[in-house]
Amino acid sequence: MRRTVPLLIAAICGIVLIVTAFIPATVSWGETAAVWFDILAAIAFILGGGNLLKIHLRRVSDQSEGWAYSLITVVTFLLTLGVGLFKLGISPGSDQEFYGETFAHLTVEQMPEELTFDLPVSLAAELLDEEIPASVRQQFSVKIEDKTVTQLRFRGWMNGGQRQDLLNLHQKLDWQCAIEQLADLAAIPDQLAGEVRYLPDHRALSVSGSLNEEEETFLRNISDSQSWQRATDRLVERSRAVTSYPISTPPESFLVPQSYEDRIILTENNIDVIGPVGPEMKAALVDVFPRTRPFTEEQVQQYVDELAALPGGLTDVQKNTTAGLLKSDWTADQLIAALNDAGVRQERTKSACELLAEMQAGEKNLQLTVPPTEPDVTLNAAQEDYIQQTVSNSDSDLSAMVQTLSTLGDWLPAQEAALQSFLQKTPTIPMRNRLIASALITGGETLSEEQFEFLLAGYREQHNWQEQMYGLMVKSHQVKYPWSGEYIAVGSPFWWSYEYAFKPLTATMFSLLAFYVASAAFRAFRAKNFEALLLLGTAFIILLGRTFAGVMLTSGLPESLSAFRLENITMFIMSIINTAGNRAIMIGISLGIVSTSLKILLGVDRSYLGSGDE
Amino acid sequence: MTERTVWTILILAMIAMAFSRTMFDPSQSAGREYVKQVDGEWVKADLIDRNAGIAEVSYDRTAGLWIAAVFTLCIFSFMYRDNPFYKVAESTVVGVSAAYYMVVGFWSTLVPNLFAKLMPGVIQQWAMPGLSPEIEPTGIYYIVPLILGIMLLMRLVPSMSWISLWPLAFIIGTTAGLRMIAYLEADFLSQIENSFVPLIVFTETGIDYWQSFQNTFMIVSILSCLVYFFFSIEHKGAVAGVSKFGIWILMMTFGAMFGMTVMGRIALLAIRLEFLFREWMNIRPY
């Protein structure tokens, strides 16, 4: 029994997997088995750890020879395991923490009736044979009567992702039109859009930033249910909490962004903020440093002269590097091209309901899009001239160009967005200067303290301000998922043990093999016969061909004899001889694996069961 | 002077050199790790960050740097002979690597592939916020690997260790089944398929003699090697000749493999020496 059952398990599992590989409907079984295999492999590591602990603890307790080394193994094992399993010193995952949002617990079942949206429809019931997407499974339901779907129901607001998931379920127009109608019905009201949302997977009603009084009133008026009012109370309380954060002197050009004026109070050494700070708010707070703009030749020369005039001076190479980097900034032509691209009018995609109406009206050749009716907008000569003149003028405000550009010719909102987006992507002057400093000290060159200060003072200020604003964001945030961080996050104790113990130790162990391989080769590889000579000769050519000196040795050969250059011989050996030999070996290995597998599955080879003496 | 005294003096001299280099390095880089804060996380700082005044010495990473360097030297000490320093490093690598693989297996396999399938709601609330809390229809099947896993752990209990043969049989059976198909597809068939190349290569200008020679040579070589592996007939006469040529090709293949292996190990060695000289002691060509 003890040996028969394992034999049967191995045979059945193996043979079933072989058979399923040939049946299209069951091919995925192999993938599932591979996942199960991975799970058991991970558990086998636990088994390995347990065994290790058992053996070494016994040696320590018996104080047998070398017990102190066993103690080291046990201690390092337990320390690494502890810090890794408990994620010690690891912050919550910044991409999973919903910074800037406040959550209030609210399950789908607690959703008020007022937020249950029903849409009467008449759809074939087989449309729902497909599995409902996981993102809507809690909120979406249907009523079926006589093999016809008569009603679609959605609890809570539907977001864009959920709408798309439902649309993707079927390509039939009547289904897609019904989903579009349901999405419109379950859309979040305009008064709350962009601020409040419902996250079914997190069982939470969420608000971004701080909930103002109008939003609060609107939210409260949705339903009188106790759970809804409680959730609203929690959102109001948490989203209006004031966070006070000490700061150094803000950058000279810092002004509280207009859109956040009602939430921020700035005092001399403190910043008070109402509600949690999200990534957008943080980005707005740190976006206070001037951005680069194209330099004219004179401006480049002036910059280089100024840097060269400082103690330490600049070599010719450094001057050229600085000038090259300054000239490689963005250009007015790039901005003009981006604005012209944004001026191309887009086709409008028709909704499924529009297409359904067309189809029901008898249209057979359905067009999915509506071409634009108005021509594209390209910048005229006056607008281009204005851009060319403005971008290099350091006194001008580039983001304010919009007003003039719109008066000089045709101008679209998309172009305004493109202009802001383009300017946002340009580096700040402190970052540009950092790049220059970095380039100037490569290759052994150096800069004086004054030159570093000239180049890096702004970078220091920008970095410090960014970190303070990050600190403000974290302080104003209530941790939602403390265990969500990466288990090997940089800076954590587990990362430390990997970086400073595991990695160097294993790499050095393997590198040590270089000496042993060389020493073994010296002792074992004697050119006693022709075969040994071939092996040695090939190894010698490969080793030599991969070094600079080896290539140098035969570089003097004329073009007619280039086939005998070491790098070409190496290439021939690797691509023809090595490929041929490896191919034959791999064919042999695969046949060996097949025969071994069959022996195991048929119970001929039972060595894995052990001797049975245990 | 005894051997022990010589080694003690040498080790003390090395320690003194390392400390003096750390103390008197003009750029204050030797034996130190500098960090800067980026979005709340401490990351490695470069020379520019130090000149900008935003970097600071990290004591835990500096300690790590020294420990890594000392461990590296301890492992190298084995080239002389087995010694207590090497044994300490060896014991550490055993403990750390066993725990490392356990932690990796737990967080990257067991949590997302096992627990998250069986209890998605709990795992979502605990460690994987991005996970859907809804259980998949196939999620319940994952009770099987869980039970097999528990049976595997029974190996730690001597009286129950026979139970671990069942999951072991599952592992062996699935490996045999999956590998058999995979090797037949990836190695056997694809290697044969890739060997079907034209013996005479025609181009727009005529015959490409060099490419034709290469293709012919490769196919003859593969067939010769396979003849050598074919032990069902006696290797004599023409078969012996072909098989002999196969041996030569295999010898050259082994030579190439050996050369590549040595190069790989030497590259690793160079990386370790680079770590000691550049990262630890900041000794650079300029």
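Colleague: How many residues does each chain bring to the contact between chain A and chain B?

Modeller: Contact here means heavy atoms within 4.5 Å. In this predicted model, chain A gives 133 residues and chain B gives 140 residues. Local features need pLDDT of at least 70 and side-chain atom pairs pLDDT 80 or more, while totals for chains, interfaces and linings use all residues. Residues are numbered from 1 along each chain, chains are lettered from A, and side-chain values use heavy atoms, without hydrogens and water.

Colleague: What area do chain A and chain B bury between them?

Modeller: The size of an interface is often given as the accessible area lost when the parts come together. Buried area is that loss, with a 1.4 Å probe, summed over both parts. Here the two chains bury about 12,700 Å², with 77% of it on carbon and sulfur atoms.

Colleague: And how many salt bridges does the rule find across the interface?

Modeller: A salt bridge needs a side-chain nitrogen of Lys or Arg within 4 Å of a carboxyl oxygen of Asp or Glu. The rule finds 4 across the interface of chain A and chain B. A:Lys282 forms a salt bridge with B:Asp39, where the closest N and O atoms are 3.3 Å apart.

Colleague: Where does B:Asp39 sit in chain B?

Modeller: B:Asp39 lies in the turn of a hairpin formed by S1(B) and S2(B), with 2 residues between the strands, and has a positive phi of about 50 degrees. Strands are DSSP runs of E, at least two residues long, and two strands pair if DSSP finds at least two bridges between them. Strand S1 (residues 34-38) and strand S2 (residues 41-44) of chain B pair in the antiparallel sense over 4 bridges.
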